[in-house]
Amino acid sequence: WNYWDNYNPEDYLGFVYKITNLTNGKFYIGKKYFWYNIKKKLTKKQLAEIPAGPGRKPTHEIVKVETDWKTYWGSSKELLKDVKELGVEHFECIILKPCVTKKQLTYFEMHYQCINECIIPGTNTYNENILGKFFGKDLV
């Protein structure tokens, strides 16, 4: 991923990205999370260390885990096929906008897809829809 200096994924929830096929200019715009949460059961030792108090003791903790963002190639089957056939060296991956909330991620993904006319017929894009609601085939 190409991104600017002093950029720290710890400061963000995710990012909006653009992957461009350097052989034909075809592109894909999407979003990806840096982190996700998992619910992990507390061990007996952890449970014993919780001080007594009012209410029930927690039985689980939420753990922040890094996603596969460093090796992620989008959800477009056509894009994934081209990456496999041509090789990763023929693609450029750029982070367009880091985001700190889910709403920002969704908004800016849609924003960049709209300004790049991702689903307008004739646009050289791998994107087939925006938000799963707007499809290029519906605009023909």
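**Close-up 1. K81, D82 and E85 come together in a network of salt bridges.** In this predicted model, the side chains of K81 and D82 meet with 3.9 Å between N and O. The two partners sit in contrasting surroundings: K81 is partly exposed, at 45% relative accessibility, whereas D82 is buried, at 12%. E85 is the third member to look for here, linked with K81 and D82 in the network.

**Close-up 2. A salt bridge joins K64 to E10.** The closest N and O atoms of this pair are 4.0 Å apart. K64 belongs to strand β4, residues 60-66, while E10 is found in the segment before β1 (14-21), so the contact ties together parts of the chain that are 54 residues apart in sequence. K64 is partly exposed, with a relative accessible area of 47%. If you would like to place this contact in a wider tally, the model has 6 salt bridges.

**Close-up 3. E66 and K70 form a salt bridge.** Here the closest N and O atoms are 3.8 Å apart. How accessible is each partner? E66 is partly exposed, with a relative accessible area of 36%, and K70 counts as exposed, at 58% relative accessibility.

**Close-up 4. F34 and W69 are an aromatic pair, one of 8 in the model.** The ring centres are 4.8 Å apart and the planes stand at 90°, so this is an edge-to-face arrangement. The pair links distant parts of the chain, 35 residues apart: F34 comes from the loop between β2 (27-33) and β3 (35-41), and W69 from the loop between β4 and α2 (77-86). Both rings are tucked away from the surface: F34 is buried, with a relative accessible area of 0%, and W69 is buried too, at 3%.

**Close-up 5. W73 and F91 make an edge-to-face pair.** Their ring centres lie 6.0 Å apart, and the angle between the planes is 75°. W73 is in the loop between β4 and α2, and F91 is in strand β5 (residues 91-99), so the pair ties together parts that are 18 residues apart in sequence. Are these two residues buried or exposed? Both W73 and F91 are buried.

**Close-up 6. Six aromatic residues are joined into a cluster by ring pairs: F15, Y17, Y28, F34, W69 and Y72.** You will recognise two members, F34 and W69, from their edge-to-face pair with planes at 90°. Among the other members are Y28 and Y72.

**Close-up 7. Two lysines lie over the faces of aromatic rings, K26 over Y126 and K97 over F108.** How far is each lysine from the centre of its ring? For K26 and Y126 the distance is 4.9 Å. For K97 and F108 it is 4.8 Å.

**Close-up 8. E117 has a positive phi, near 50°.** Most residues other than glycine have a negative phi. E117 is a residue other than glycine with a positive value, so take a moment over its backbone here. Where does E117 lie? It is in the loop between α3 (102-115) and β6 (129-130). At 46% relative accessibility, E117 counts as partly exposed.

Terms used: Residues are numbered from 1 along each chain as its sequence is written. This is a predicted model: local features need pLDDT of at least 70, side-chain atom pairs count only at pLDDT 80 or more; totals for chains, interfaces and linings use all residues. Side-chain values use heavy atoms; hydrogens and water are left out. Helices (H or I, at least four residues) and strands (E, at least two) are DSSP runs, numbered from the N terminus. Buried means under 20% relative accessible area, exposed over 50%, partly exposed in between (1.4 Å probe, protein chains only). Rings of Phe, Tyr and Trp (its six-membered ring) pair if their centres lie within 6.5 Å; planes under 30 degrees apart count as stacked, over 60 as edge-to-face and the rest as tilted. A charge sits over a ring if NZ of Lys or CZ of Arg is within 6 Å of the ring centre and within 35 degrees of the ring normal.
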